[in-house]
Amino acid sequence: RLQRYSFLSLVSRRASHLARQRYDVIVVGGGHAGTEAAAAAARVGAKTLMVSQKIQTIGALSCNPSLGGVGKGQLVKEVDALDGLCGRAGDYAGIHFSILNRSKGPAVWGPRAQLDRQRYREFIQSELLSTPGLTVLEGSVEELLVSDPNPEESGQHRVTGIRLANEVHPISAASVVLTTGTFLSGSLFMGQTESPGGRIGDAPSSPGLSQTLRETLGLRVGRLRTGTPPRIVKESVDFSLAKIHPPDSHPTPFSFLNTRTHCKSEEQLPCYLTYTTPGVERVVRESLHLNCHIQQDTKGPRYCPSIESRVLRFPGRQHQVWLEPEGVTSDLLYPQGLSMTMPPDVQLRLIREIPALHRAEIHTPGYGVQYDFVCPTQLSPALQVKSTQGLFLAGQINGTTGYEEAAAQGLWAGVNAARLALSMPTVALSRTESYIGVLIDDLVSRGVTEPYRMFTSRAEYRTSLRPDNADLRLTLKGFEEVGCVSSSRYQEAVRVRDRLQDALTALQALALSTRNWRKRLPDVGMSEAKNTIGMEVLQYNDVSFETLASAFPEILSPHVEFSQRLKIEAVYRPHCHLQKKEIERIQKEENMSLPQDIDYFSLSVSLSQEVREILDKVRPTTLGAATRLQGITPAAIVHLFNYVRHTGQKGKRALRHKNNQMEARRAELSAKNAS
């Protein structure tokens, strides 16, 4: 049973009492990044303090009540594989589970769930309460304590702790993790009204923290913006005018520790889909002069834009609006796609232009937020500020957007903050082994010009970095090398690894002639190969592992527990091998020239519109130069490389053919002249 009330009572200690103690790690912030950072630091063995402005909002879903998705679901699975919180919290709080992208390969499937806000928050708070070595304090951080650096280490400064607002005594620590979200010099916008804050209903953060980062530490700080839609009263919606979208009939858990979700299949709630109308666009345009947030040039999220931004960027289009439940007992709906910052009365006019919402009532109006972020190229792959010993950053302070990106950074920053405090070397994740590695590498090597969101297209090794194998990729490393994974989870991962290997060995050893395979599987169209092994047969679209197990029960039936994982492994094994060779070849061909007359908008290759725009604007001269452009994904480089190489070979063939024709013509003329 969740222990919410005891959690709230146990953490209400006075800062004066805590000031007499020294901590290994202090985590500032109680959102997705902060909770994962604090829990991870404690799991590594550090004496950890988490400071949050408001105890009741620890683990709160500040914006959309959902978790996962394409790219984001992979991050949740990886955080779980490293013993993080959000995957298990999602399994407990989920009320609508679905796998996005099912029409494509399993490598890019996106596990996703709608969440019950209250259940999610209660689960996170209960987990923090039961984490040994972790203390939680309610308070606002006024400034960082900064001293001279350790001369034996790189850096110009050293952080030694924090000072709380309205408190005399500082609190000391070897490492500090900042996870300030949208609260760092945050400003709230609604219509023409601006007020300090990072979230409606919560007090603004102290201006001293941002000042410390800018002036004392000399960090480059930028400004980003985001927004949230109004919350709509469920009873005021006409669902007959929207299209119902049921959840998956069998919910798929996020966590590798769970075989089922807390919410039963029949208890799940549906979502509804509706669309904007020309009336929505009319209201947006008529109210622009009343909307100071949208008129400013601060960068907002490209992939989750406000309805104002969508209308202005794509005039005359119809836009999707998802009506998502906020909880089992909640009487509110979250209108995904209707983030807006116009005055409340105009918001009501706008939503009523949508047929399903023609009588809708707003419970809480939408609003915009602008906040400071630290340019992430100033961080190391451990998420430590390069110029400041002991200071780590995670979440939106690094220019990202989304719960999942924040959780992934928080976990890794917490791990390294603890390791540094305990005199252990910091660790890094490669982009070849995890989406977390891709995320961090993108941030620290390329920086951001707009809020960063994870996509599967950002990962060049995505056929290897699948949701189904995150435990095998990361749990063993998390226990053996990093120290953030429990012994019980590690033992389960070892069991799974060994059982999967046994099954793969059995499939490899199962070799029959085509004739014998056809006898065993008469309904499967077999190729004419002389001998085929079980792994190759499992690659056929119409062959499942259960099919093979029924044909060879004595050999394969012990492994039915892993049927889906074995099928996916069989399908991707040849692809992973080819992809690795392709990436290695690209690294050797970095100096390949790119023709300056390429029409990037008409190339018949798989490039996003964003990538085409960047390539057309910059026109890099070499493939290597293209790889270093902000916004160019590794996958785009692969497609570009293949296109240039292919057209280059065609050009060479055409040139050879032309030269041969010219030689033949000259020979013919020479023969005529001779006669």
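Mentor: Buried means under 20% relative accessible area, exposed over 50%, and partly exposed in between (1.4 Å probe, protein chains only). The model is predicted: local features need pLDDT of at least 70, side-chain atom pairs count only at pLDDT 80 or more, and totals for chains, interfaces and linings use all residues. Residues are numbered from 1 along each chain as its sequence is written, and side-chain values use heavy atoms, leaving out hydrogens and water.

Trainee: Does Ser-423 count as buried or exposed?
Mentor: Ser-423 is placed in the loop between α12 and α13 (435-446), where helices (H or I, at least four residues) and strands (E, at least two) are DSSP runs, numbered from the N terminus. Ser-423 has a positive phi of about 60 degrees although it is not a glycine. Its relative accessibility is 69%, so Ser-423 counts as exposed.

Trainee: And Asp-83, does that count as buried or exposed?
Mentor: Asp-83 also has a positive phi, near 75 degrees, and is not a glycine either. Asp-83 belongs to the loop between α4 and α5 (86-93). At 8% relative accessibility, Asp-83 counts as buried.

Trainee: How many residues of helix α4 (residues 72-81) are buried?
Mentor: Let's walk along α4. The buried residues include Lys-72, Lys-77, Glu-78 and Asp-80, along with Leu-75, Val-76 and Val-79. The helix is largely enclosed by the rest of the structure, because the number of its ten residues that are buried is ten.

Trainee: Why is one side of β14 and of β18 left without a neighbour in the sheet?
Mentor: These strands belong to an open sheet of six with antiparallel pairing, in the order β14-β15-β16-β17-β13-β18; two strands pair if DSSP finds at least two bridges between them. β14 (243-245) and β18 (362-364) stand at the edges, so each has just a single partner strand.

Trainee: Which residue in β15 is the bridge partner of His-245?
Mentor: β14 and β15 run antiparallel and are joined by three bridges. In β15, the partner of His-245 is Cys-271.

Trainee: Staying in that strand, what is the relative accessibility of Thr-274?
Mentor: Thr-274 lies in β15 (residues 271-275). Beyond its neighbours within four places in sequence, Thr-274 is in contact (heavy atoms within 4.5 Å) with Leu-241, Ala-242, His-319, Gln-320, Val-321, Leu-323, Ile-354 and Ala-356. Thr-274 counts as buried, because its relative accessibility is 5%.

Trainee: What is the bridge partner of Leu-67 in β5?
Mentor: Here we turn to an open sheet of three strands, with antiparallel pairing in the order β3-β5-β4. β3 (66-68) and β4 (94-100) are its edge strands, each pairing on one side only. Three bridges join β3 to β5 (residues 110-115), and the β5 partner of Leu-67 is Ala-113.

Trainee: Which helix gives the most residues to the largest nonpolar core?
Mentor: A nonpolar core is a set of buried Ala, Val, Leu, Ile, Met, Phe, Trp, Tyr and Cys residues joined through side-chain atoms within 4.5 Å. The largest has 108 residues, and Ile-26, Leu-144, Ile-162, Leu-178, Leu-213 and Leu-391 touch the most other members. With eleven residues, the helix that gives the most to this core is α12 (residues 403-421).

Trainee: How many residues are in the second, separate core?
Mentor: Its members include Val-524, Met-535, Ala-549 and Ala-551. The size of this second core is 25 residues.
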